Amino acid sequence: MKRRITTISLALMGLCGAFTQAKVQLPAFFSDGMVMQQQATANLWGTATPRKTVTLTTGWDGKTYRATADTQGKWNMSVTTPPAGGPYSLTFSDGELTVLNNILIGELWICSGQSNMEMPMKGYKNQPIEGADMDILRSTNPSLRLFTVKRHSTLLPQYDVTGTWNEAMPTTVREFSATAYYFGRLLNELLDVPVGLIVTAWGGSAAEAWMTGEMLRAFPEVRIPRTDADITSPNRTPTTLYNGMLHPLIGITMRGVIWYQGEENASRAEQYAPLFRALIADWRKQWKIDLPFYFVQLAGYMTPQEVQPDSRWAVLREAQAEALHIANTGMITAVDLGDPYDIHPKNKQDVGKRLAALSLADTYRKGTYHMPVCTGYKVYDRTLALAFDSPVQANAGEVKGFVLAGPDGVFYPAKATLQQNGKSVVLESPQVEIPIAARYNWADCPNGNLYSPSGVPVGPFRTDK
């Protein structure tokens with residue numbers, strides 16, 4: 001009798017499992033409260049009973065879409081989204097209903113990188129976010145939605161993540177990325193549409209960890225892991241964060257990416273220029289779209305120095321700037337927002353604001369955001385004159401941050417004078433009789449104060465690369 005009951009119980013368990021399998025299953029980021037990209041052909045995918053037809057009815061227009069699950073139960077489809085609005089529902093069925101509610105249509109961004117992207121509004125221990133207490137208290141906003149991907153380092157590409165969508169409110173914003181929050185808050189305010197932010201970041205992560213093995217083959221010095229034993233550092237091992245925290249998101253229809261990373265790669269800064277360009281190309285290849293990619297040039301950190309020719313952080317910043325040669329990219333510099341004693345600067349609000357201003361100008365064509373660029377130089381007697389593509393000015397007092405070198409290659413602090421209505425900076429130094437090279441903000445933690453008239457800081461550069 002006992003064996004008969006056991007057999008019946010197993011049969012019932014199997015029947016329940018069949019019903020469970022029949023219900024449409026979706027990745028965590030396709031769930032209640034999500035934001036979908038407006039006026040787009042938006043991709044959706046999931047699993048169901050193999051060979052079953054999956055239907056989807058969209059709440060904004062009542063249209064029904066269909067897809068057939070393959071032999072493994074996987075299916076995908078694309079739907080047409082309306083202009084920003086909501087909330088709406090999505091109703092899936094393969095014989096049993098799955099309904100997603102409270103969905104907004106608006107602008108969706110992925111926010112990635114290492115600790116300065118991951119750093120939450122509540123700050124780290126003994127490392128607060130400037131002004132965050134009041135911003136958290138005022139953060140309730142149903143049209144700003146937040147999703148944080150849980151850390152996951154793995155050898156094999158994953159198809160889902162751990163995380164939930166939350167409306168912005170003090171309890172959720174407190175735990176959310178400060179840089180991403182300030183970025184999204186300003187977009188929401190100035191575009192007047194719902195904004196969704198997906199943060200997938202891990203402190204101390206190397207760029208290589210966010211790339212595919214295929215793209216990393218171009219870098220023979222990078223060791224691609226073969227077994228779990230090769231994952232000696234979960235956030236630095238090549239491919240592992242791509243597999244666990246980015247691959248599941250590949251294909252989600254969104255507007256673009258903001259990126260704050262580079263500190264971990266500073267010790268091998270010369271490699272970063274081709275590596276970072278490859279990372280951007282890699283992500284675009286996976287998404288099959290030339291998505292906007294906006295990034296943060298590293299903040300000032302470590303001992304302030306006026307002359308530091310061997311700065312690894314300066315070389316890394318230069319490598320970051322070289323990615324601007326790629327179409328549809330943009331950079332904001334945070335050198336002036338740094339803290340010599342803290343690798344996690346307290347001022348995340350200005351970082352987020354600059355990223356938002358850049359994306360508003362370049363992606364949404366609202367306003368302008370231009371970082372003045374040095375276009376060349378000429379030597380006159382004992383002076384070296386730098387030309388800029390747009391006017392520059394000192395934000396306070398005399399121009400700071402320039403050094404000058406002669407044929408011996410030794411750099412000395414330089415006096416800088418603005419000329420031609422700010423489109424030229426003339427440098428001279430009593431220690432340099434024949435100037436041949438100039439550098440600006442070329443140090444781990446420099447003191448330059450050159451800005452555009454609208455307040456956009458000039459990025460570090462050198463004429464002698």
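Which strand supplies the largest share of the lining of the largest cavity? In this predicted model, that share comes from E1, which contributes 3 residues.

**Figure 1. Close-up of the largest cavity in the predicted model, which holds about 70 Å³ of space.** The structure holds 3 cavities of 30 Å³ or more, and the view shown here is of the largest of them, lined by Phe29, Phe30, Met34, Val35, Met36, Gln37, Ala42, Asn43, Leu108, Ile252 and Thr253. Strand E1, which spans residues 35-37, and strand E2, which spans residues 41-47, each supply at least two residues of this lining, and the largest share, 3 residues, is that of E1. Sorted by class, the lining of the largest cavity comprises 8 nonpolar and 3 polar residues, with no charged residues.

**Figure 2. Close-up of the second largest cavity, with a volume of about 50 Å³.** Among the 13 residues that line the second largest cavity, those closest to its centre are Asp336, Asn441, Gly448, Pro457 and Val458. When the residues of this lining are divided by class, 7 are nonpolar, 5 are polar and 1 is charged.

**Figure 3. Close-up of the cis peptide bond that joins Gly86 and Pro87.** The omega angle of the bond between Gly86 and Pro87 is about 10 degrees. Pro87 belongs to strand E6, a strand that runs over residues 85-93.

**Figure 4. Close-up of Lys288, a residue other than glycine with a positive phi.** For Lys288 the phi angle is near 60 degrees, and the residue sits in the loop that lies between helix H8 (269-287) and strand E12 (293-297). Lys288 has a relative accessible area of 77%, and because this value is over 50% the residue is classed as exposed.

**Figure 5. Close-up of Met302, a residue other than glycine with a positive phi.** The phi angle of Met302 is near 80 degrees, and the residue is found in the loop between E12 and helix H9, the latter covering residues 312-322. Is Met302 buried, partly exposed or exposed? The relative accessible area of Met302 is 29%, a value that is neither under 20% nor over 50%, and therefore Met302 is classed as partly exposed.

Key:
Residues numbered from 1 in each chain as written. Predicted model: local features only at pLDDT ≥ 70, side-chain atom pairs only at ≥ 80, totals over all residues. Heavy atoms only, no water. 1 Å grid on protein atoms, 1.4 Å probe; cavity = no way out; pocket = protein on both sides within 12 Å on 5 of 7 lines; lining within 4 Å. Points joined across faces, edges and corners; volume = space filled by probe spheres on them. Helix = DSSP H or I, 4+ residues; strand = E, 2+ residues; numbered from the N terminus. Nonpolar A, V, L, I, M, F, W, Y, C, P; charged D, E, K, R; others polar. Buried < 20%, exposed > 50% of the residue type's maximum accessible area, 1.4 Å probe, protein only.
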